[in-house]
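Here is a protein model to read from the outside in. Load the coordinates and follow along.

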Amino acid sequence: MEIVYKVAVATHVIAATIWVGGVLFMALVAIPVARTLEPKLRRHVTSAIGQRFQRVGWASLGWLVLSGAFMMYFWGARWANLVDLSFFQAPHTRVLSLKLGLVTLMMLLSLTHDFVVGPRASQNVSLEQATRYRKLAAWQGRITGGLVIIIVVLATVVARPWFV
């Protein structure tokens, strides 16, 4: 079982690298460059990049959830101690609970960005509506970028319980 745990940890880190790198690439590189393009081309480019990253990103997030759940199980998490919150009594598992809350928030934000706001921002709607959706999508991207950085810091603390 220990080798399976080590594989889960390694692939969890790889999936996190793909997700975090992709989110930061979009926020710091792709979108700023796209803003310099003519509006029709900008919509096309951001939509194409977003749709491609969506498949990669959601596959990574799915693996993060599965491997993370397995690692929690390996640490002793069971339905009973999750429901009564006794699993989260140790300092590093309290940090884990904060991380899980932020991951949930980030995933909800990403869901609305990817499947509601983002598609509407790239549709042929009125200029006013498109501007509103683009601004909302931009804020969602910024917030997601901030959350992924905080989540990585928290994950580092969880993986090194002596930090707490």
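Two helices, H1 and H2 (39-74), each supply at least two residues of a nonpolar patch on the surface. The model is a predicted one. The patch covers about 690 Å². Its members are Met-1, Ile-3, Val-4, Val-7, Tyr-73, Phe-74 and Trp-75. H1 gives the most, with three residues.

Take Phe-74 as one member of that patch. Phe-74 sits in helix H2. Is Phe-74 buried or exposed, or something in between? Its relative accessible area is 35%, so Phe-74 counts as partly exposed. Patch residues must have over 30% relative accessible area, and Phe-74 has 35%.

How far can you trust the coordinates here? The mean pLDDT of the protein is 92. Of its residues, 99% reach 70 or more. Confidence is highest in helix H1 (residues 2-34), at a mean of 95. Confidence is lowest in helix H5 (residues 127-159), at 91. Where pLDDT is low, predicted coordinates should not be read in detail.

Now go inside. In soluble globular proteins, nonpolar side chains tend to be buried together. The largest nonpolar core of this model holds 27 residues. Which of them touch the most other members? They are Trp-19, Leu-61 and Met-106. Four helices give two or more residues each to this core: H1, H2, H4 (91-121) and H5. H4 gives the most, with seven residues.

Met-106 repays a closer look. Set aside its neighbours within four places in sequence. Met-106 is then in contact with Trp-19 and Leu-61, which are the other two residues named with it for touching the most core members. Its contacts also include Thr-144, Leu-147, Val-148 and Ile-151.

Thr-144 gives a way back out. The C-alpha atoms of Ala-80 and Thr-144 are separated by 31 Å. Along the chain, the two residues are 64 residues apart. Ala-80 is found in helix H3 (residues 79-83). Its relative accessible area is 58%, and the cut-off for exposed is over 50%, so Ala-80 is exposed.

After H3, look at the loop between H3 and H4, where Leu-85 lies. What is the phi of Leu-85? Phi is near 65 degrees, a positive value in a residue other than glycine. Leu-85 has 49% relative accessibility, so this residue counts as partly exposed.

Note on methods
Residues are numbered from 1 along each chain as its sequence is written. This is a predicted model: local features need pLDDT of at least 70, side-chain atom pairs count only at pLDDT 80 or more; totals for chains, interfaces and linings use all residues. Side-chain values use heavy atoms; hydrogens and water are left out. pLDDT is the predictor's confidence in each residue, from 0 to 100. Patches are made of residues with over 30% relative accessible area and no salt bridge: like charges are joined within 9 Å, nonpolar side chains (Val, Leu, Ile, Met, Phe, Trp, Tyr) within 5 Å. Accessible areas come from the Shrake-Rupley method with a 1.4 Å probe; for residues, only the protein chains shown count as cover. A salt bridge is a side-chain nitrogen of Lys or Arg within 4 Å of a carboxyl oxygen of Asp or Glu. Buried means under 20% relative accessible area, exposed over 50%, partly exposed in between (1.4 Å probe, protein chains only). A nonpolar core is a set of buried Ala, Val, Leu, Ile, Met, Phe, Trp, Tyr and Cys residues joined through side-chain atoms within 4.5 Å. Contact means heavy atoms within 4.5 Å.
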